[in-house]
Amino acid sequence: MSGTERQDAVTARYGEEAARAVAEGPWNDVIAALLAHRTVRAFRPDPLPEGTLETLVAAAQSAASSSNLQTWSVVAVEDPATRKRLSGIAGGQRHVAEAPLVLVWLADLSRLDALGRDRGKPTDGLDYLEMLMVGVVDAALAAQNAAVALESLGLGTVYIGALRNDPEAVAALLGLPPNVLAVFGLCVGHPDPARPAAVKPRLPQGVVLHRGRYDPALADGAVAAYDAAMRDFQAGQGMPQVGWSDAALDRVRGPGSLSGRDRLREILERRGFGLK
């Protein structure tokens, strides 16, 4: 990648002024690919190349796993009718139905639970919140490895957190046993060039990077500039120009803004998680 291409990649993520410091640091093709990530919500109907699923799962399994417990699984959903039902659970997101593949990433404590029963050994530790967190983190690390691998192959992805709107419906649809939670979905497919996606700006590093000690003052003055950058991005993508801060605050205004996920704790208990 030339110096100009490198500068353009960093500028797309942070804007002109913030890009200079990043553009002066170490660089390679892997970093360039990571900075080029974009959310794809428009897919061609073409099937994926043979062996793609197995390759991405190999990439996913190469991610770090807490204590090597490997407390995650994934369901590959290719059936159009099932994808359509998942789309309904996710609030009618069209790309869930349109993408040729939807991966549902699971925090999976059932495997260790079954292993303990088979061996006659206790698994009381699975009843604690820590173990659910381990499963969620493991699933997220694995999924991100898969997403990076997919993008390196020219494929597009978008995460679907809205599967948590109704975890019990997802569990029934996919036949999930107790102690298994669908953490999120991941749509996979060939990006539709007729509906291109752009690189979305992120908060300046000065807001999220704390050196040595957390400093709550770092965001002072930076959010307004980021709001302006997000409005420009939204305009270019034909989206409502609401910026970032208003949209983010609206998303966390109260239980009613959580799209049913305010019931997650009681659902988890019904799904067998102890949460002690």
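## Salt bridges at a glance

How many salt bridges does the structure hold? There are nine salt bridges in this model, which is a predicted one. Side chains of opposite charge can pair when their charged atoms come close. Three of these pairs make a good way in, and we can go through them in turn.

Start with Arg44 and Asp46, whose side chains meet in a salt bridge at 3.3 Å, N to O. Arg44 is partly exposed, with a relative accessible area of 30%, and Asp46 is also partly exposed, at 29%.

## A pair within a helix and a pair between helices

Next, look at helix α7, which covers residues 110–119. Asp113 and Arg117 both belong to this helix and sit four residues apart, about one turn of the helix. Their side chains form a salt bridge at 2.7 Å, N to O. Is Arg117 buried or exposed? Arg117 is exposed, with a relative accessible area of 57%.

The third pair is Glu168 with Arg270, whose side chains meet in a salt bridge at 2.8 Å, N to O. Glu168 lies in helix α9 (residues 167–174) and Arg270 in helix α13 (residues 264–270), so this pair ties together parts that are 102 residues apart in sequence. Glu266 joins in as well: Glu168, Glu266 and Arg270 are linked in a network of salt bridges. As for its surroundings, Glu168 is partly exposed, with a relative accessible area of 28%.

## Strand β2 and its partners

Now turn to strand β2, residues 101–108. Eight of its eight residues are buried, so β2 is largely enclosed by the rest of the structure. Which residues point which way from β2? Leu101, Leu103, Trp105 and Ala107 point one way, while Val102, Val104, Leu106 and Asp108 point the other way. Asp108 is buried along with the others in this list.

Strand β2 pairs with β1 (residues 72–77) through six bridges, and the two run antiparallel. In this pairing, Val77 stands opposite Val102. Eight bridges join β2 to β4 (residues 180–189), again in an antiparallel arrangement. Here you can find Ala107 opposite Leu181, and Val104 opposite Gly185.

## Strand β4

Strand β4 is buried in ten of its ten residues, so this strand too is largely enclosed by the rest of the structure. Besides its bridges to β2, β4 is joined by five bridges to strand β3 (residues 156–160), and β3 and β4 run antiparallel. Thr157 stands opposite Val188 in β4.

Leu186 is a useful residue to display if you want to see what surrounds this strand. Leaving aside neighbours within four places in sequence, Leu186 is in contact with ten residues you can pick out: Leu101, Val102, Leu103, Trp105, Ala143, Ala147, Leu150, Thr157, Val158 and Tyr159.

## The nonpolar cores

In soluble globular proteins, nonpolar side chains tend to be buried together. The largest nonpolar core here has 27 residues, and those touching the most other members are Leu103, Trp105, Leu132, Leu186, Val188 and Phe273. At least two residues of this core come from each of α4 (52–61), β2, α8 (129–152) and β4. Which element gives the largest share? That is α8, with nine residues.

A second, separate core has 23 residues, among them Val77, Ile89, Ala90 and Val158.

## A nonpolar patch on the surface

Some nonpolar side chains are found at the surface. Val30, Leu34 and Val148 make a nonpolar surface patch of about 230 Å². Leu34 lies in helix α3, residues 29–35, and counts as partly exposed at 43% relative accessibility.

## Two unusual backbone angles

Most residues other than glycine have a negative phi. Which way does phi go at Asn179, positive or negative? Asn179 has a positive phi of about 70°, although it is not a glycine. This residue is found in the loop between α9 and β4. Asn179 counts as buried, because its relative accessibility of 10% is under the 20% cut-off.

Ser259 also has a positive phi, about 55°, and is not a glycine either. Its place is in the loop between α12 (245–251) and α13. Ser259 counts as partly exposed, at 41% relative accessibility.

Terms used: Residues numbered from 1 in each chain as written. Predicted model: local features only at pLDDT ≥ 70, side-chain atom pairs only at ≥ 80, totals over all residues. Heavy atoms only, no water. Buried < 20%, exposed > 50% of the residue type's maximum accessible area, 1.4 Å probe, protein only. Pairing = 2+ DSSP bridges. Core = buried A, V, L, I, M, F, W, Y, C linked by side-chain atoms within 4.5 Å. Contact = heavy atoms within 4.5 Å. Salt bridge = Lys/Arg side-chain N within 4 Å of Asp/Glu carboxyl O. Patch = residues over 30% accessible without salt bridge, like charges linked within 9 Å, V, L, I, M, F, W, Y side chains within 5 Å. Areas by Shrake-Rupley, 256 points an atom, 1.4 Å probe, with all protein chains shown as cover.
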